[in-house]
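Visitor: I'm new to this one and would like to zoom in on a single part. Please take me slowly through chain B, from its overall build down to the small details.

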Amino acid sequence: MNGFVTINRYARALSVPLSFAQTELRSGKSIIIAKLPLALHQRFELRSLTIAVISILTPGVIPIYLNTAMGLASAGLYRSLMVTGPLAFAAFTDQNCVTNPFSPCVVETPGIYRVIVSNNTSNADLSVVVTGSLKLYY
Amino acid sequence: MNQLESALVIALRDTIKWESAGTGSDTFYVAASGSLTPVNADLPFDARVYQSRDRQLAYRDLIVSAAVVEVSIQVGDVWNYSTLKPNLQGPAPFTLPHLDAEAGTYSSQVRHVLNTSIPLDAARYADADLYGRDSLVYEILARACGSIFTEPSIPRLDPLGNTIPNTSVWSLAQGAPAQTDINAVLPLNRDLFKNPDMNLADRDNQLAGYVSRLAQVLKNPFENALRLYVQIESFGTIEREPDVYALISDDGTQRIFQTEPALSGANEIIYHTQHKTLQWIREDLNEVHVPQIYAMVIPGVELGQNIETLAQVPDRKDAQYWRGKAKLLKPTGLEIKDTDLYLTTTNNGSVIGGLMQRDTASLTVPNQILFNMEGTLPAGIYRVSALAAPTGLVELAGAQNTTYTSGTLGGATFEIDVASGNIGNKLYFVENGDGVFYNGSYYFAGDAFMGTTTVPGYTQSGIILSTIRQYSINFDLALPAGSWIVLMEYTNLTGTTDGFRLKAQYVATGAEAVTVIQDAAPIPFTTTNGNLIVTPAAGVDVANSEPFSFPIYWTGGGGQLHIRKLSFERTDVDAARYAMTGSFVGSLAYVDVNGENKKPGVLRWEFFSYGSHHGPSPFSTNYLEEGILPIQLRQVQVQTIGTFQTTPLSHGFQTWRQECLDRAERDIQQDYALAVNDYGTDIPTLRDTGSYWLPDATENWMSIAEVYCPRLREVPAIAQNAITDGRQYQVDTTLVVYHGSTFTEGQKFYGVATSGSLYSNGSVHQVGAFIKSKAGHVGKPALVPRGLYFDDTENRVKAYFDSPDATPILMACQPWMIAQGIYVAQPDFWMPENL
């Protein structure tokens, strides 16, 4: 509480699950799995976003990366279509594939936001799953 | 010592009876001068005079009692410890008037009246001694208070210590609770005076008992405190700002105080009640602090470090404080660090290749561009981010022509009245007269000739003199094939004219020139010189993505032509693909993304290097595909990706930095509300007409937020005459001198109005919890005015609210925010992006 009457209060809060079931994602392709139009006096927090690569569908391939910074496949929250500029992301490498749930990604400016999952290779088709959770205040 | 220690043995009663004390409004009021009702020995005995004096002395006891309560309250405020307090009759001031001439001895004795005394003895001996006892008790309390508190709650009577002594001895002075009063109806004998005086002496004894106990608390607050307020100093400047350490354990031997983050066995101060020592345990646990004999200031762990317990009430903390707290805990995960290598603007000499536009570097067609940066990089993984904006609008400053023509505000000003000797490598035009002879040829009025610096002079070839002016400027560029609209921003600078005849041509390599702007009719100029006019839109079909020339000819019209800007725009492409390789420190990386027209985004490459790097480390990128929509590259930043050296035993504190950030946000919001309240209706408007928000508005908005939060933003390289009152500065060079004090590298100081705004001998930066965002900061916590947004229709940043409602809020930084100069939280607040 900051002691002042502000418009920091919201009448409702809605927990929104993100679930992108196991899907074949062709090499170099991306899919918009959620589109979130945010209006004035609304706010959402991306609490977590997880990507799992279930399998590489192209047998015997050595992946050629299109976006080296984004791992084999990535899922992220975006304000634009540029997949290398996520507001929050989970990139599937051998180490990390989940956003930091202790540091939620807060968005409060009006606009259209997207959750995009992307295959960042040019030669490997992938089977991916994306799950996540966001909280919408309105 | 010498704080009435012998009075510690006095048994305190739970009630002091005040029934004969005067109050502030009646005749027994103690004068501000401290004088009592005088006794005139020449007049007949009047019991009422002696009675009033006793009541005034009783009232002084009440004041001393109020002072004890006041100090007790301060002890509670500072250390959260509730001391014993005497009860009071009612409201009483706590500043004791004192007149040295009224006091007898200060030895705490009382010379009571005897059977052999005369009435005057009660005034000149007993009352005087009682007066002195009051002053002695009060002064010893005031001295104990003044020696410990930053802002003592009661003033001293004898600031220089000339008259009232310190003493550890207290005389009981035959004090006894008698509750008697001098009265004219009572027999005139010894007891008429002595009994009330013994009662007064008894009250003094009680108050001395309270003061002696309070002095003990003040002497060693660690024995009783439930909370400490401790700051860490290093060579005289603050290393860690004051923190509240709360008592978490007291087993009779060790009193353990701990501050946040309350890691197990860390960030503690331990007071050993038997050894009377203090020990500080930090969060990193790698160096042990040797316990020190208790004092308000003790040596710390490192050389020059001191641990100071502040006797003051904890104050409200600002965002910079929370930054300091946040960095005390290093979480688990990957750590992104900024480096010295970045470019916040790219329209400068650090960039080679591509097409330099008016305010940014760009790649209009597949091509290579190189960004020169310099600094130190450790070995590891590097993240290179570029703030990019795909856009069909290509803007060239007039001065970006290839014909060496410059002008005001980045424009190109055509030369007029060119004197012989000033001919350069330009195309010139002969006006009027009989013509000129230049470089072996005659040129007549209306002719154009190509000049060269090797032949700077010309001669008039006839009687009627001709004048020479510049005829053209030329631009070289490449654009994706397709239909484009061309616009020129122009003005007249000197002389008068009603219009210019202009011709512009598209000249593809090896092809015939195609006229884009016709000079059949002049384009009008009907405004004041210097006002900018835009030419009507003209279409040009660019055949391919090869470089082409675009000459502009001034074929007619007076005055002096100035072209400020040349722009090309295509509107038929909404989005495009950008496949680009990146090369940095001998490593290659790739991006392959889609970009939308006029919507900022971030291109990110990651590189790995085995060795550290010093000096120049250029980053180059090669734009391979698909070349249908130009892209601006406005900023570049290099970051490193490493692993946090996790603070020991901190696994349960992974939200700590986020918590600090949330607290900082609340403080900033509160400070912003205070500033808005102060401005009232005079608060400046930040939005432009049409609710547009420009980068300047961001700076002005930060200035409002900074009014009550002076350590809000970090500002690099403060000018040597720009130290501002209340703001904090940190030394970046070996040393600086401010107001006669020398500060060495890394030390901080505050600007003080009375110390002036000048410093010398080096440079400083302004300390703040937020820094201006750079290309790599997308997704980091940013401080954004409520209601600010990117309008997808106009592709511009707008604000729903003006300054009063533009409350600061923290949210993830978006690419367009970086372009607007929005500030992001310092890296000390950052959490790992992933787990």
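Guide: Here is a walk through chain B, going from the whole to the parts.

A little housekeeping: this is a predicted model, where local features need pLDDT of at least 70, side-chain atom pairs count only at pLDDT 80 or more, and totals for chains, interfaces and linings use all residues. Residues are numbered from 1 along each chain as its sequence is written, while chains are lettered from A and ligands numbered from 1 in the order in which they are written.

Overall build comes first. Chain B has seven helices and 50 strands (DSSP runs numbered from the N terminus, with at least four residues of H or I for a helix and at least two of E for a strand). Its C-alpha atoms fill a box of roughly 135 × 65 × 45 Å along the principal axes. The radius of gyration of chain B is 41 Å, whereas a compact globule of 835 residues would come out near 28 Å (taken over C-alpha atoms, the globule rule being 2.2 Å times the number of residues to the power 0.38). Of the 835 residues, 44% count as buried. Buried means 20 or more other C-beta atoms within 10 Å of a residue's own, exposed means 12 or fewer, and partly exposed is in between, with C-beta atoms placed from the backbone.

Now for the helices. H2(B) (119-148) and H3(B) (190-219) have axes that come within 10 Å and cross at roughly 10 degrees; these axes are lines fitted to C-alpha atoms over the stretch in contact, with angles from 0 to 180 degrees between N-to-C directions. The two helices are therefore roughly parallel to each other, a label for angles under 35 degrees. Among the residues that meet are B:Ala122, B:Leu130 and B:Ile148 in H2(B), and B:Phe193, B:Leu214 and B:Leu218 in H3(B). Contact here means C-beta atoms, placed from the backbone, within 7 Å.

By class, that helix pair brings together 18 nonpolar, no polar and four charged residues. Nonpolar covers Ala, Val, Leu, Ile, Met, Phe, Trp, Tyr, Cys and Pro, charged covers Asp, Glu, Lys and Arg, and the others, Gly among them, are polar.

H4(B) (319-326) is largely enclosed by the rest of the structure, because seven of its eight residues are buried. B:Tyr321, B:Trp322 and B:Arg323 are among those buried residues, and their cover includes strand E2 (237-250) and helix H5 (656-679) of chain B.

Next, the loops. The peptide bond from B:Glu260 to B:Pro261 is cis, with omega near -5 degrees, and B:Pro261 lies in the loop between strands E3 (254-258) and E4 (268-272) of chain B. Another cis bond runs from B:Glu625 to B:Glu626, with omega near -5 degrees; B:Glu626 lies in the loop between strands E37 (619-625) and E38 (631-643) of chain B.

B:Tyr404 has a phi near 55 degrees, positive in a residue other than glycine, and lies in the loop between strands E16 (393-397) and E17 (412-413) of chain B. B:Tyr404 is exposed, with 12 other C-beta atoms within 10 Å.

Lastly, chain B has a partner: the contact takes 47 residues from chain B and 35 from chain A. B:Ala812, for one, is in contact with A:Leu87, A:Ala88 and A:Cys105, among others.

Conventions. Contact = placed C-beta atoms within 7 Å. Parallel < 35°, antiparallel > 145°, perpendicular 65-115°, else oblique. Lists of a residue's contacts leave out its neighbours within four places in sequence.
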